[in-house]
Amino acid sequence: VIQHGEHKITTRKNGFLRADGKKEWMICLPSSDKCDHALTHKLVTDCLPPEMTVEFEGNPDDNGLCCVALAGHESDIKREIDNCRDVLPKDAIIEQSRETRVPEDLRESTESLLEDPVDSSLWGLDRIDDRSGQDNDFSPPGTGAGVHIFVMDTGIRVSHTDFGNRAIPAFEASFHPNPKQDCAPTDLQCAKDENSHGHGTHCAGTAGGTKYGVAKSAKLYAVKVLFGVKGRGSSTGVVEGMDYVSRKTSLRPAVISASLGGPGLSAAETLTVNKLTSAGVLVVAAAGNSGMAEDNPWSGGFQPYACTGTPNAIPSAITVGAIDPKTDEQASYSCWDSTNPGANSCIDMFAPGTQILSATNADDTGSRSMDGTSMATPHVSGAIALLLEENPKGSSSQIERTLKARATKDAVKNPKGSPNLLLYVGRDTATAKARPAPGPCSDTQKCGMWDMYSWAPKCQGKQFEYWFRIHCAKTCGFCPKGGPVPNPDPTQPPVSTPAPPPQTAVP
């Protein structure tokens, strides 16, 4: 974080770079009641340095976000701030855009199910309408009729027969050199899925396909924010996609299915997810697929925790972990939480994610089996569509409470500190067993490794905070004061008194 006058600028060591070498920067105002289109327009006109270009201009007067995105170098964003110092509040979020992508280690299922009969291969659907096991049937209490599912992903092959003309090209985010665009509903080239795995099409099929989906009558909207065969994009594109959904107030009730993410935390994305949630649009996010990564802050690669990426670490998002078939065990690749009382939980619930059969982007009739928390996420998005069909005026908090109250309790094996909630689409509720009292909050042996291998002061560095919460909770001041009170209801967080501030502030 760089202090520039009265404003803070968040830069990133491995931030997103456009093809022309320029960085992307987002400016968002937390107090939307003090923001109008005149202000966002000034940020991209009067205040804009000549070397910068405009990626995105939000329009709060049209239910859009109070955000803009600009492309340029660090010196340019500083000049932008200087030029608009008189109208830019001190709490403005100014940050470099992150790279966003299809979750790492996504894979086609190593145990192909394409030769199996359809009923047996759709185990994920079969599992979520039963309290235990499977009965070779999927009979949900609704179809999602009248509900809009925005699939924020690599696009959708909307011509696939499993969508039954319910899939619509909606929006493409900016991706240099191409600008963002709202799609014409008949333009099959707009928001087209070009990913090598057909990631967006597969997720859309699970959320709302006629054969493969949970909500078989919901409308599906392709919001393309990831590009190319590898599915890469930026957090600017994600914010643009969120802005599109925010503006489309006629398409309600709605839910966003976001099987994407990337390392690092984003205040701008958190702001946008919070705004949509407050407006009644829940965002469902994948926990991530690096659960087998080393629990080591010096590894240089992905971390195995669900709380170290975005949007999965955003509290208002519904973050989904994956389970394996037959065993109901948390999948080995699924990112995890910690049982240490000093560490917060980011996963909200679990859903089937391994060996999931759904539509492919290769042709209009094909299917493919894939593994990942990306595959678990649209199961939950579809389930929320069923709840919105049942209660179309329900607030986000009401829908989330119902989702968790009806979830099957204590079914997931080895949830690793996450709430033991397994998605269930029936309308009856389930009672949880009382939680055992948590163990003492203390440091682990790994905490001592920091002094041996790191030159940086202990307890500092936002990118290491979750590791400190797990392994150095006592030393860094993350232990709840007096310890958390065991809560028998896993749909609610443990009750505790506020934690004391860290001994050394985490920037």
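Modeller: Before we turn to the helices on the sheet, one cut-off is needed: contact means heavy atoms within 4.5 Å. The model is a predicted one. In it, helix H6 (residues 235-247) lies across strand S3 (23-28), S4 and S5, running at about 35° to S4. Helix H7 (residues 267-278) also packs on the sheet, where it touches S3, S5 and strand S6 (93-96), and its direction makes about 125° with that of S6.

Colleague: Why are H6 and H7 described as roughly parallel to each other?

Modeller: The two helices pack at an angle of about 15°, with their axes 10 Å apart. Since angles under 35 degrees count as roughly parallel, H6 and H7 are therefore given that description. H6 passes H7 in a left-handed crossing, and the contact is made by residues including Val 238, Met 242 and Val 245 of H6 and Thr 272, Val 273 and Leu 276 of H7.

Colleague: What makes S1 and S4 the edge strands of the sheet?

Modeller: The sheet is open, with six strands in the order S1-S2-S6-S3-S5-S4 and mixed pairing. Strand S1 (2-4) and strand S4 (53-57) each pair on one side only, and this is what the word edge refers to. The twist from one strand to the next averages 25°.

Colleague: How do you know that S1 pairs with S2, and that S2 pairs with S6?

Modeller: Pairing requires at least two bridges between the strands. S1 and S2 have three bridges in the antiparallel sense, with Gln 3 bridged to Lys 8 of S2, whereas S2 and S6 have two bridges and run parallel, with Glu 95 of S6 as the bridge partner of Thr 10. At the other edge, S4 and strand S5 (residues 67-72) run antiparallel and are joined by four bridges, one partnership being that of Thr 53 with Ala 71.

Colleague: Which side chains of strand S2 point to one face and are buried, and which point to the other?

Modeller: In a regular strand the side chains alternate between the two faces of the sheet. Along S2 (residues 7-10), His 7 and Ile 9 share one face and are buried, while Lys 8 and Thr 10 point to the other and are not.

Colleague: Why is Ala 191 called buried?

Modeller: Buried means under 20% relative accessible area, and Ala 191, at 0% relative accessibility, therefore counts as buried. The residue sits in the loop between strand S11 (181-182) and helix H5 (199-208), and its contacts beyond four places in sequence include Ile 156, Phe 171, Cys 183 and Lys 224.

Colleague: What makes Arg 368, in strand S21 (residues 367-371), count as buried or exposed?

Modeller: Its relative accessibility is 16%, which is set against the cut-off of under 20%, so Arg 368 counts as buried. The side chain of Arg 368 reaches the backbone oxygen of Ser 196 at 3.3 Å and the backbone oxygen of His 197 at 2.7 Å.

Colleague: And why is Ser 397 placed in its class of partly exposed residues?

Modeller: Partly exposed is the class between under 20%, which is buried, and over 50%, which is exposed, so Ser 397 at 38% relative accessibility counts as partly exposed. Ser 397 lies in helix H9 (residues 396-406), and its side chain makes a polar contact of 3.1 Å with the side chain of Ser 395.

Conventions:
Residues numbered from 1 in each chain as written. Predicted model: local features only at pLDDT ≥ 70, side-chain atom pairs only at ≥ 80, totals over all residues. Heavy atoms only, no water. Buried < 20%, exposed > 50% of the residue type's maximum accessible area, 1.4 Å probe, protein only. Polar contact = N/O pair within 3.5 Å; in protein donor to acceptor, adjacent residues only side chain to side chain. Axes fitted to C-alpha atoms, helices over the stretch in contact; angles between N-to-C directions. Parallel < 35°, antiparallel > 145°, perpendicular 65-115°, else oblique. Left-handed = near helix turned anticlockwise from the far one by under 90°.
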